Structure formats: structure tokens, C-alpha cells
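Notebook open, coffee ready. I'm going through this one sheet first, then helices, then domains.

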Amino acid sequence: MLIDDLQVTKECLTAPQLLTIRRYLHQIPELALQEYETSETLKTIIAQFDQQYLEVITVPDLPTAVLVKVQGKNARRTLGYRTDIDALAVTEDNDLAFKSIHPGKMHACGHDIHMTVALGLLSYFASHQPTDNIIFIFQPAEENFAGGMRLYQSGILSGPNHIDELYALHTNPDLAAGTIGCRNGTLFAGTTEIHAEFTGISGHAAFPHQANDMVVALSQWLVQLQTIVARNVDPIKGGVVTIGNVSAGTANNVIAGSAQAHGTIRALQQDTIDLIKMRVEAITMGIEASFGCQIELTLNQDGYFPVVNESKITQRFIKYVENNPEIKYIETQPAMTGEDFGYLLSKIPGMMFWLGVDSPASLHSSKYVANEDAIMTAVKTMIGFIESRMKEED
Ligand SMILES: CC(=O)N[C@@H](CCC[C@H](N)C(=O)O)C(=O)O
């Protein structure tokens, strides 16, 4: 079955068609804002759906984004359904026939599954005209560069593309395949990227007094950052400060005159994120003073606000999944994962839920493997939910 000749019928993409699509997308992961092949693939697939109610919308400011509006037959409102489309700088370590063919890149966060579910849903509503309008958003740059915020700020979601309520899912390795997890209120943390560039003086390892060693300065800084959550954040609220990437130096006997560190801050409340940011800044200034070096610090939150599910919309969704005996639903705790969907939810009421994919390895792991059974379950769940939602007056 070829991706450009899927033999799409009037019904909905079938399970084998969805698997072909998912496996194809899994092989071609691309980093944030570089998703050109992915975007073209999505357009190729969408072009095979019934076109009579569809309008494909391009976003000049965000060329890899694909928006598709399905015209409702008696529209009182416009629902939105968003999937992210970017991948991570991870080298896949799975022995799969359809493993990534793009070196150093992998769909290690499940966005291939997210896109496939969205295409399944879109294929259904393309040939079963919905009552209300639906806008499908295939959004670039979730992992970095705040694609959600860029999309919103482009203005494309205003005027005729105004969305009244917005939905999205995220794969969850810890839930059984197809299980839906959700909660009212905060589902995901807000995040802020940390980037620090240390500048001192390099020199011979034998003459430390003539140099200014940035390996030592960075090490002290890193250890002091770990006191923030332990000693400044209310333990009931909690938070995370992770430095995931450090680099410095060129040889064992050369003192490094520069060093770099990159990391992330996470917390469930915006005021905790602000507190952690303030402490990172203060510690950085302290290290500059005590080591006599320069540190260029960038704290970048962009649109990675906490993902806060709107109460009425979420309660309605939970009621639907709880009352449907074919759906396995559990209420989940908030997670420290981040999502630029938090920005979209700060502008448009809506909700995100987890879709269990039962992976032995965690999100962002080079061994992340999603159980594909979850795809069809998610498509059926969302078709059922959207159709029931469209029957409601308010
Ligand atoms: C679902 C997920 O894993 N999202 C990412 C979002 C990253 C936000 C930002 N670039 C950062 O690194 O802080 C995550 O790492 O949680």
C-alpha cells in the first residue's frame, strides 16, 4: 500500500491504512520548523480524502503547518483538533522494519501516532459531514520554538477560523494501549528552557592560577541550581530543574575557557516557574561574581504555559468516556511534561488527554515504541465524542 495511493473509500481510513501512514511518518522524523517532508506527506494523504467539505489553509508565517477546515452542515460552533508534527534529536535504538531513516532524529514523543489519529478523524469527517465546523491543526514545533504560540500569533485562528473549543491528545507510555487518561484542571507543567554560555580564560592544566576554569564554574553553578527545588520551592507545589546538556573543553590538559549548559525548568503553577527563574538568575549572578567570569543566561518560556484543561469542556469529555463501556478511562495525576498546547489553551478553551500506548521505554527515549492498537481506539473514541458533542445545544 503506497502512501500516495491509499485507496481511500467513503468511510474512514481503515486500520491497515492507518498503520501504513503511521509507519511511513515514523520513518521520516524532522525537527521543529523543518517539517517540510512531513507537511508534504500530510498534504498528499489529505488530498486523497473526499474534498467537498474541506478547505486546506496555509499559514505564510509557519510554512510547515497544515490546517484543514471541515465545513459543518448546520454550524453553530467550530471545534478544533490539534496534533503536533515535529520530532526529536534522538537516534532511534529500536529494531523495527520502519525505524527512522533520518539519522539522529526520531519520533520519540509519539507525534507520528498523534498525526495518524488526526488523519483518521479527518478522513471520517471528510466523508461524513459534521453538524458543526471542525478545524484540524497539524502544528509544527511543539518540542522547541513554540509552534502553538507562533500559530496563534500569526492571526490564522481569528475571523472565519475562530475556534470555540479545542482538543488534543498525547501518547502515554505508562497506560495500557487505548486507555484514555485525563483530569480537570492542570494536566501538564509549564516549562522554561535554560541556556547558559560561560566565558572565562583558557590555559595550561599545570597553571590554573593563570586561567579561569569554566568547568569548575559550571559545576558549581549546576550544583547550586539543584538547591532551588530543595530549598526555595514549596514542597507541596514542587518543581523540576534539569540540566540535560553540558559541554566544555577540548583536552585533558587544557583548562576550558568556555562552557555551555542547556536545561529546562518545570512546575505546575506559573508563580512557581517565575520563582525558579528568579533563583536561577540570582545563582548565575553569584557564580559570575565569585568566579569573575561572564555568563550569558537565557531563560526562554515562550508559550510553554501549564496545560490547564477547561472545566466544562473536560467534564463533558470525561462523562462521555466514563459512560461508554467500550472505552477504558482513568483519571490521571498532573505530569511534569510540557506542551505548547498550554499557550493555545490560554487563548482558546479546550482540553488535552492522554492516550495509552504501553511503551516499555519512556517518552523521549531512543527505545520508545508505541503499541499501534491505540490508534484505532483513539480514532473511534474521538469520532464518537465529537458526534455526541455536536448534538448538544450549548
Ligand atoms: C510532551 C513533551 O515531552 N514536551 C516537551 C516540551 C519541551 C518544552 C521546552 N522546549 C523545554 O525543553 O522546556 C517536554 O520536554 O516536556
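**The open sheet**

I looked up the main sheet: 8 strands make it, it is open, the order is 1-2-4-3-5-16-6-15, and the pairing is mixed. Strand 1 (54-57) and strand 15 (329-331) sit at the edges with a single partner strand each, so one side of each has no neighbour in the sheet. On average, neighbouring strands here are turned by 25° against each other, direction ignored.

Notes to self on the ground rules. This is a predicted model, where local features need pLDDT of at least 70, side-chain atom pairs count only at pLDDT 80 or more, and totals for chains, interfaces and linings use all residues. Residues are numbered from 1 along each chain as its sequence is written. Strands (E, at least two residues) and helices (H or I, at least four) are DSSP runs, numbered from the N terminus. Two strands pair if DSSP finds at least two bridges between them.

Next I checked one pair: strand 3 (residues 78-84) and strand 4 (residues 133-139) run parallel, joined by 7 bridges. Leu 79 has Ile 134 of strand 4 as its bridge partner.

Helix 9 packs on this sheet and touches strand 3, strand 5 (165-172), strand 6 (180-182) and strand 16 (350-356). Its direction makes about 150° with that of strand 16. Angles run from 0 to 180 degrees between N-to-C directions, and axes are lines fitted to C-alpha atoms, for helices over the stretch in contact.

**Two helices**

How far apart are the axes of helix 7 and helix 9? I found 11 Å, with helix 7 (residues 311-322) and helix 9 (residues 373-391) packing at an angle of about 120°. The two are therefore oblique to each other (under 35 degrees is roughly parallel, over 145 roughly antiparallel, 65 to 115 roughly perpendicular, the rest oblique). Helix 7 brings Arg 316, Phe 317, Tyr 320 and Val 321 to the contact, and helix 9 brings Thr 381, Phe 385, Ser 388 and Arg 389. In contact means C-beta atoms, placed from the backbone, within 7 Å.

**Two domains**

I looked up the domain assignment, which gives domain 1 (15-187 + 306-391) and domain 2 (190-300); such bounds come from an automatic or database assignment. Their centres, taken over C-alpha atoms, are 35 Å apart. The contact takes 6 residues from domain 1 and 7 from domain 2.

Last, strand 12 (residues 258-267). Strand 8 (residues 190-199) pairs with strand 12 in the antiparallel sense over 10 bridges. Thr 192 stands opposite Ile 265 there, and Val 241 also has Ile 265 as a bridge partner.

Terms used: Two residues are in contact if their C-beta atoms, placed from the backbone, lie within 7 Å.
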